[in-house]
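Biologist: I'd like to go through this model with you and ask where each label comes from. Could you hold the values up against the definitions as we go?

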Amino acid sequence: MDNMSICRTTIVEFHTESDADALIKDYNENYESMFPTVEVVLNSKVNPTTTINNAVFADMESIDKTDSETRQAFLEKHKNGMKNVKTYVGEVTLSK
């Protein structure tokens, strides 16, 4: 991974812990097929109802490929359990 890599960080607040756990389970079981261009992924459950996902891609084109129907369908599937979703995209400035 070089300095041109791009990270998409998504912070999700859920209504309940079971809503968070349902999305985490679905994501863990299906992320490889949903996001085949991800180079590195790190998910954290920072409290019972909040998760942070950091997904690193080679470039914006790779992100754009996963920001289409597949990602939108996944978010739509879990929308009733989500209270708030914030997404940030930026250049990776350090990776070890």
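Modeller: Happily! Ala-20 is a good place to begin: leaving out residues up to four places away in sequence, Ala-20 touches Phe-14 and Pro-48. This is a predicted model, where local features need pLDDT of at least 70 and side-chain atom pairs pLDDT 80 or more, while totals for chains, interfaces and linings use all residues. Residues are numbered from 1 along each chain as its sequence is written, and side-chain values use heavy atoms, without hydrogens or water.

Biologist: What makes two residues "in contact", and why is Ala-20 called buried?

Modeller: Contact means heavy atoms within 4.5 Å. Buried means under 20% relative accessible area, exposed over 50%, and partly exposed in between (1.4 Å probe, protein chains only). Ala-20 has a relative accessible area of 0%, so it is buried. Ala-20 sits in helix 1; helices (H or I, at least four residues) and strands (E, at least two) are DSSP runs numbered from the N terminus. Its C-alpha atom is 11 Å from that of Asn-80, 60 residues away along the chain.

Biologist: Which residues is Phe-14 in contact with?

Modeller: Beyond its neighbours within four places, Phe-14 contacts Asp-19, Ala-20, Leu-23, Thr-49, Thr-51, Gly-81, Met-82 and Lys-83. In the largest nonpolar core, which has 15 residues, Phe-14 and Met-82 touch the most other members. Strand 1, helix 1, strand 3 and helix 3 each give this core at least two residues, with the largest share, four, coming from helix 1.

Biologist: What makes a set of residues a nonpolar core?

Modeller: The members must be buried Ala, Val, Leu, Ile, Met, Phe, Trp, Tyr or Cys residues joined through side-chain atoms within 4.5 Å. In soluble globular proteins, nonpolar side chains tend to be buried together.

Biologist: How do you know whether Thr-51 is buried or exposed?

Modeller: Its relative accessible area is 9%, so Thr-51 is buried. Thr-51 lies in strand 3, and its contacts further off in sequence include Thr-10, Ile-11, Val-12, Ser-44 and Lys-45.

Biologist: And why is Lys-45 called partly exposed?

Modeller: Because its 36% falls in the in-between band. Lys-45 is in strand 2 and touches Glu-17, Asp-21, Ile-24, Thr-50 and Thr-51, close sequence neighbours aside. By contrast, Leu-94, in the segment after strand 4 (82-91), is exposed at 63%.

Biologist: Why does Cys-7 count as buried?

Modeller: At 17%, Cys-7 is under the limit, so it is buried. Cys-7 lies in strand 1 and, not counting residues up to four places away, touches Asn-54, Ala-55, Val-56, Tyr-88, Val-89, Gly-90 and Val-92.

Biologist: Let's turn to the rings. Why is the pair of Tyr-27 and Phe-35 called tilted?

Modeller: Rings of Phe, Tyr and Trp (its six-membered ring) pair if their centres lie within 6.5 Å; planes under 30 degrees apart are stacked, over 60 edge-to-face, and the rest tilted. The structure holds three aromatic pairs. For Tyr-27 and Phe-35 the centres are 5.8 Å apart and the planes at 35 degrees, so the pair is tilted. Tyr-27 and Phe-74 also pair, at 6.0 Å centre to centre and 65 degrees between the planes, which is edge-to-face. Tyr-27 is in helix 1 and Phe-74 in helix 3, so that pair ties together parts 47 residues apart in sequence.

Biologist: Which residues form the aromatic cluster, and what makes Phe-74 buried?

Modeller: Tyr-27, Tyr-31, Phe-35 and Phe-74 form one aromatic cluster. Phe-74 counts as buried at 7%, as does Tyr-27 at 8% and Phe-35 at 5%.

Biologist: What makes something a pocket, and how is its volume defined?

Modeller: On a 1 Å grid over the protein atoms alone, a pocket is an open set of points where a 1.4 Å probe fits, with protein on both sides within 12 Å along at least five of seven lines; lining residues have an atom within 4 Å of a point. Grid points are joined across faces, edges and corners, and the volume is the space filled by probe spheres set on them. The largest pocket comes to about 270 Å³. It has 17 lining residues, with Leu-23, Tyr-27, Asn-43, Asn-53 and Phe-74 nearest its centre.

Biologist: How many of the lining residues are nonpolar, polar and charged?

Modeller: Nine are nonpolar, six polar and two charged. Ala, Val, Leu, Ile, Met, Phe, Trp, Tyr, Cys and Pro count as nonpolar, Asp, Glu, Lys and Arg as charged, and the others, Gly among them, as polar.
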